[in-house]
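Student: Walk me through this one, please. I'd like short answers that end on what I asked for.

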Amino acid sequence: MRLTWDGKRSDLRGLALPIQVVEEIGVARANVGTFDEIAVDSGDGWRNRLIWGDNAHVLASLADELAGRVDLIYIDPPFDSRQDYKVRIGVGDAIAEESLAKIQSVIEDKAYRDTWGAGVESYLQMLYTRMLLLRELLSDRGSIFLHLAPNVSHLARVLMDEVFGAENFRSELIWKRTTAHSDGGQGSRQFGPVHDVIAVFSKTDHFIWHPHFTDHDPSYVASKYPYVEKDSSRRYGLWDMTGPGGAAKGNPSYEVMGVTRYWRYSEATMAQIIAEGRVVQPSPGAVPRYKRYLDETAGVPLQDVWDEISAINSQAQERLGYDTQKPEALIKRIIESSSDPGSIVLDCFVGSGTTAAVAERLGRRWIAVDIGRFAVHTTRKRLLAIQGVKPFVVANLGKYERQWWQKATTGAEVEAYLDFIIELYRAKPVRGFAHIHGTSSSTAVHVGAVDAPVTFDEVALAIEDAASGGFTGLDILGWEWEMGLHEMVQDEAKARSLALRLRRIPREVMDERAVLSGEVSFHELAHLKASWSVDKRLLTVMIEDFVLSSPDLVPDAVRDKVKGWSDYIDYWAVDFAHDGGIFLNTVQAFRTRAEPKLSLRAQHAYDANGDFTVLVKVVDIFGSDTTTSLRVAIP
Ligand SMILES: C[S@@+](CC[C@H](N)C(=O)[O-])C[C@H]1O[C@@H](n2cnc3c(N)ncnc32)[C@H](O)[C@@H]1O
């Protein structure tokens with residue numbers, strides 16, 4: 001039996017693109033490059049990975065290396081609710097609750113449209129494509145847990161039967177995520193929806209399984225374990241030892257404490273358990289019984305209705321402002337039951353990072369993927385807040401995804417790409433200049449390449465072109481920027497009397513629907529100013545200023561709460577000896593719910609003297625990075 005819909009396709013796999021490591025946390029600098037180049041699976045060279053990108057591409061990219069190696073997959077794809085894509089961000093040093101502002105997140109919104117844009121068919125196609133990729137990654141001992149809402153669980157189950165095989169269906173978990181609603185009121189004509197469904201399939205019949213037990217019901221304990229041992233205070237019960245079926249079942253008959261019966265143990269075993277103090281005669285002449293302690297029983301095997309794990313509420317310690325955040329207790333149970341220490345656990349809709357954080361604490365290896373910038377940033381902070389977190393890398397598809405997009409949309413012709421960006425920027429394409437690609441009244445516009453950062457030389461040449469062409473302004477649009485460029489180019493522009501603006505080409509440019517709906521905005525690069533001082537070999541780095549250059553694009557809900565420039569900073573990190581490669585995150589400071597105040601000072605003691613490039617990276621409250629570099633001399 002198969003589920004079909006208009007346009008169902010099984011060949012829609014994402015493109016396998018190299019995954020680019022952009023930040024390493026807690027690792028030595030020896031290895032830099034893509035995953036292939038740094039041979040992540042050599043012995044204990046494994047790094048846990050947080051990857052920013054569309055999981056269709058990321059899963060396809062992981063397949064070569066990880067096919068058949070993932071023991072556990074938990075995924076919680078977007079349900080049919082627009083609420084999923086609001087995020088609450090903390091602003092400033094205030095105690096969490098009053099500082100939270102709720103904003104719509106454009107990328108999460110795009111993920112929503114991709115998933116639900118054409119209704120349930122597009123949701124099913126999205127799931128189906130991912131399931132086919134995920135099945136390849138699962139090990140023979142692996143399982144997948146798919147978190148669903150009742151509106152789609154029936155359809156997804158049929159798809160899972162197709163992809164994983166009905167014979168590999170293991171459980172349908174009912175998670176009671178909320179207490180009874182009263183919002184339906186008197187007029188409600190349905191039963192209150194209080195549960196989610198988690199469908200569980202294994203890859204084969206030899207899946208990892210560690211049974212879970214829960215405490216016995218108190219009434220069961222009271223009736224079966226009614227006694228308490230005086231000295232030890234251990235609770236115990238007395239259990240029948242007679243052999244059911246008597247002689248016919250081969251039970252031996254002999255005398256114990258003056259009572260002759262058919263017993264379930266041999267005489268030798270009986271002598272041993274009497275010596276261990278396990279046999280009790282409740283009263284003289286009564287039939288002796290076996291003494292069993294409550295603390296020796298495993299409890300009740302866990303059933304498939306989970307009603308004692310509550311959802312993340314506004315008071316929960318673990319709450320991170322993600323509406324769809326799932327409780328750690330739920331994921332802990334799943335990871336403990338279906339993976340071993342050291343197993344690879346994967347969540348490719350990781351949201352606020354629950355699966356990665358729990359896997360980390362339970363000694364599992366993990367891979368976490370999300371398309372949302374804010375999700376990746378939240379997850380990074382959540383992991384860093386874990387004491388003794390093992391090294392991990394932050395990666396993305398970066399320029400490879402953009403190259404692929406450029407080929408697919410504007411073809412090999414570079415001019416078509418330039419014109420496309422110029423038009424999106426609402427400027428007019430122009431020919432005849434080497435470094436100017438468009439104009440908007442008296443401002444010239446230059447567009448950076450998809451696969452290389454905009455460099456100082458490139459901007460200098462565009463400044464030349466613009467000045468000699470008689471323009472009064474120059475806008476540079478770029479995907480990525482050479483480190484420290486921001487400070488260097490301003491003087492150059494001033495000398496030619498040009499108003500220079502550096503603007504980020506947003507990822508949404510690659511989303512056709514975002515383009516058609518006119519939602520694409522090119523934010524100006526934020527300006528970050530840092531200073532340093534040195535005492536012997538101890539370097540102190542201070543953040544002096546951080547300016548968002550497009551304050552008009554800041555949502556009102558956030559602006560109302562901002563008291564000073566540092567309120568825009570959510571996280572910052574320093575690479576104290578940058579070598580031009582990957583950002584090596586040596587020291588970081590960030591706001592958490594428990595500690596919303598942010599220190600703007602970081603220190604590092606060098607082992608040797610010399611000149612070093614220090615890179616300072618700020619992630620603002622919207623999840624965007626801004627980096628600046630300092631050249632320091634250690635005496
Ligand atoms: C329901 S939330 C997951 C919440 C998560 N279980 C937690 O505890 O925080 C779904 C997530 O899937 C992400 N997402 C949606 N489509 C995606 C895609 N194609 N690739 C990667 N992530 C995607 C969204 O950005 C969102 O963070």
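**Two helices, two sheets and an arginine**

Student: What covers the buried residues of helix 13?

Tutor: Helices (H or I, at least four residues) and strands (E, at least two) are DSSP runs, numbered from the N terminus. Contact is a matter of C-beta atoms, placed from the backbone, lying within 7 Å. The cover of helix 13's buried residues includes strand 23 (443-447), strand 24 (473-478) and helix 14 (485-495).

Student: Which residues of helix 13 are buried?

Tutor: Keep in mind that this is a predicted model, where local features need pLDDT of at least 70, side-chain atom pairs count only at pLDDT 80 or more, and totals for chains, interfaces and linings use all residues. Numbering starts from 1 along each chain as its sequence is written. Buried takes 20 or more other C-beta atoms within 10 Å of a residue's own, exposed takes 12 or fewer, and partly exposed is in between. For helix 13 the buried set is Glu458, Val459, Ala462, Ile463 and Ala466.

Student: Why do they line one face of the helix?

Tutor: An α-helix has 3.6 residues a turn, so residues three or four places apart point the same way. On the other side of helix 13, Asp457 and Ser468 are exposed. Take the directions from the helix axis to the C-beta atoms: the buried residues of helix 13 line one face because those directions fall within an arc of 140 degrees.

Student: And helix 12: within what arc do its buried residues fall?

Tutor: Tyr417, Leu418, Ile421 and Ile422 are the buried ones in helix 12 (residues 414-424). They line one face of helix 12, since seen down its axis they fall within an arc of 130 degrees.

Student: Which residues are exposed on the other side of helix 12?

Tutor: The buried side has cover that includes helix 11 (398-410), strand 21 (428-429), strand 22 (438-440), strand 23 and strand 24. Across from it, the exposed residues are Glu415 and Ala416.

Student: On to the open sheet of 11 strands: which strands stand at its edges?

Tutor: Strands pair if DSSP finds at least two bridges between them. The order is 17-7-8-6-3-18-19-2-20-1-29, with mixed pairing. Each edge strand has a single partner, so one side of it is left without a neighbour in the sheet; the two are strand 17 (305-306) and strand 29 (583-585).

Student: Which residue of strand 17 does Ile174 stand opposite?

Tutor: Strand 7 (residues 169-176) and strand 17 run parallel, joined over 2 bridges. There, Ile174 stands opposite Val305.

Student: At about what angle does helix 8 run to strand 3?

Tutor: Axes are lines fitted to C-alpha atoms, for helices over the stretch in contact, and angles between N-to-C directions run from 0 to 180 degrees. Helix 8 (residues 328-338) lies across strand 3 (70-75), strand 6, strand 7 and strand 18 (344-347). Its angle to strand 3 is about 155 degrees.

Student: What about the 4-strand open sheet: what stands opposite Trp239?

Tutor: The order there is 10-11-15-14, with antiparallel pairing. Strand 11 (residues 235-239) and strand 15 (residues 289-293) are joined by 4 bridges. Opposite Trp239, in strand 15, is Tyr290.

Student: Last one: is Arg364 buried or exposed?

Tutor: Arg364 sits in the loop between helix 9 (354-361) and strand 19 (365-370). Beyond its neighbours within four places in sequence, its contacts include Ile335, Pro341 and Val345. With 22 other C-beta atoms within 10 Å, Arg364 is buried.

Methods:
Contact = placed C-beta atoms within 7 Å.
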